[in-house]
Amino acid sequence: MDKLVIRGGRRISGSITASGSKNASLPIIAATLLTGESTFTLHQIPDLVDITTFTHLLHHLGAETTFEGNTLKISSKNVENIQAPYELVNKMRASIYVLGPMLARFGHARVSLPGGCAFGPRPIDLHLMAMEKLGAKITIETGFIDATAPNGKLQGGHIDFPISSVGATGNALMAAVLAEGTTTISNAAAEPEIETLCKFLIAMGATIRGTGTTELEIEGGCTLKAIEFYNVFDRIEAGTLLAAAAITGGDLTINGVEPEQMKAVLKKFVHAGCSIATTENSITLKSPEKLVSTDVTAKPYPSFPTDMQAQWIALMTQAEGTSHVTDKVYHERFNHIPELNRLGAHIEIHKNQAVVHGPQPLSGTKVMSTDLRASASLVLAGLVAEGITEVLRVYHLDRGYEKIETKLNSLGADISREKYNEF
Ligand code: UD1
């Protein structure tokens, strides 16, 4: 297994370009299953373990792909297999994204039920509800979701999500573009990743109204074509890099971003004492003398993202005062806190709220990654901890951050990747 060995106390400064978004790539890749037309060319796809896992799933279904220099080419012409197996779905919950497009194109899909998750229950009931609203008959047997469209075709319908779900909105959109008639989606997720999926589907030939809002209307039954597409930047990677600069007292410019998509996060950096300057496609952060404690509440977009919650907690360990960090999306997403406390932080958990008492000097030790963003928070803490921090089980981090140690080292960090054996 790999670990990251971080020698702390170095400033993160300079300029860097953001990678393409992981969470936007996955639904876009799934959407290529909607047509047998060859060949999609997707640019700015990050080279990540999650992308590799997803392309393996596509291969299993019969698609052909090539991946070179962040450009992914996909042909779903020869897709015949309609079953997504446990071995692949279990590796990545986002595999559920194949359900909507497969069901819509072939009238039948079987997807293994995803397993548990490191940060609490993550049901898929809303995905299934959305498919049923489009006429699908769903049964769950032997660990598989078996979804069938009567007479082979989904029908447009009205989907009203009781809570905002990125994945279920994505699945509903992909299914609706091939369903017969009009579909409306209320309380749709408005995350930039869903907006990007809408743009992708529209470029393929779909008719979607309300892109970027919580009310979507889709005219189904369009003929879809294979296209060339440029993916959006990764707003969570960008936020994590800004936090790396802020926690180490550095100054950083990130290029290739759309600052508008990061308004809630940038506002919090300003509250914490950082100065932020933006252009159309760059963000520059300058660190203050002292960080100031800043409360955040993670909620669906356009609010502060749950995927930045762990990194914010790490940052607040170095801020003057007490910060309250609440997660209203995942109430139990706090696996990073015992590990941050092992580094010397003083953080309590009260239900879905972390109370961070800062500033606390951190000192390096071995810590364990438990999920993707928790790992990122440990790396941030390691950057400011005295001595050496070893972040174990770094495969979690590799799922979602492209060349993270190379990027941070180019900005002044001292991080090496080493092999180790777990007992
Ligand atoms: C996506 C992101 C993930 C991010 C999350 C919230 C991807 C690949 N992953 O995950 O990084 O943390 O959005 O921004 O894009 N829920 C249900 N039933 C369902 C589906 C979801 O109750 O059928 C609940 C979840 O438990 C959670 C909330 O809805 O409390 C939001 O989850 P959702 O937006 O669906 O997350 P994902 O799409 O899985």
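A cavity, as the word is used here, is a set of grid points where a 1.4 Å probe fits but cannot get out. The structure under study is a predicted model.

**Exercise 1. Determine how many cavities of 30 Å³ or more the whole structure holds, and describe the lining of the largest cavity.**

Solution. Begin with the search of the whole structure, which returns 1 cavity of 30 Å³ or more. Turning to volume, the largest cavity contains about 50 Å³ of space. Its lining is made up of Thr240, Leu241, Ala244, Ala376, Val379, Leu380, Leu397, Tyr401, Ile404 and Leu408. Assigning these residues to secondary structure, one finds that helix 8 (235-247), helix 12 (372-384) and helix 14 (404-410) are the elements that give two or more residues to the lining. Sorting the lining by class then yields 9 nonpolar residues and 1 polar residue, with no charged residues.

**Exercise 2. Describe the shell around the ligand, and explain why the ligand lies where it does with respect to domain 1 and domain 2.**

Solution. Start with the residues: 20 surround the ligand, and those that come nearest are Asp125, Ser165, Val166, Asp307 and Val329. Next, consider the polar contacts, where a polar side-chain atom of Asp125 lies 2.7 Å from a nitrogen atom of the ligand, while Asp307 places a polar side-chain atom 2.6 Å from an oxygen atom of the ligand. Gly167 takes part through its backbone, with an N or O atom 2.8 Å from an oxygen atom of the ligand. As for area, the ligand taken alone exposes 740 Å², of which the protein buries 83%.

By class, the shell consists of 10 nonpolar, 6 polar and 4 charged residues. At least two shell residues come from each of helix 1 (22-31), helix 5 (125-133) and helix 6 (166-176), and helix 5 gives the most, with 3 residues. The last step concerns the domains: because domain 1 (2-18 + 233-419) and domain 2 (22-230) both give residues to the shell, the ligand lies between them.

**Exercise 3. Work out which residues lie nearest the centre of the second largest pocket, and which domains its lining draws on.**

Solution. The space in the second largest pocket comes to about 240 Å³. Of the 17 residues that line this pocket, Ala18, Ser19, Gly20, Gln44 and Asn231 lie nearest its centre. Divided by class, the lining has 7 nonpolar, 7 polar and 3 charged residues. Finally, domain 1 (2-18 + 233-419) and domain 2 (22-230) each contribute at least three residues to the lining of the second largest pocket.

Note on methods. Residues numbered from 1 in each chain as written. Predicted model: local features only at pLDDT ≥ 70, side-chain atom pairs only at ≥ 80, totals over all residues. Heavy atoms only, no water. Near = heavy atom within 4 Å. Polar contact = N/O pair within 3.5 Å; in protein donor to acceptor, adjacent residues only side chain to side chain. Areas by Shrake-Rupley, 256 points an atom, 1.4 Å probe, with all protein chains shown as cover. Helix = DSSP H or I, 4+ residues; strand = E, 2+ residues; numbered from the N terminus. Nonpolar A, V, L, I, M, F, W, Y, C, P; charged D, E, K, R; others polar. Domains from an automatic or database assignment. 1 Å grid on protein atoms, 1.4 Å probe; cavity = no way out; pocket = protein on both sides within 12 Å on 5 of 7 lines; lining within 4 Å. Points joined across faces, edges and corners; volume = space filled by probe spheres on them.
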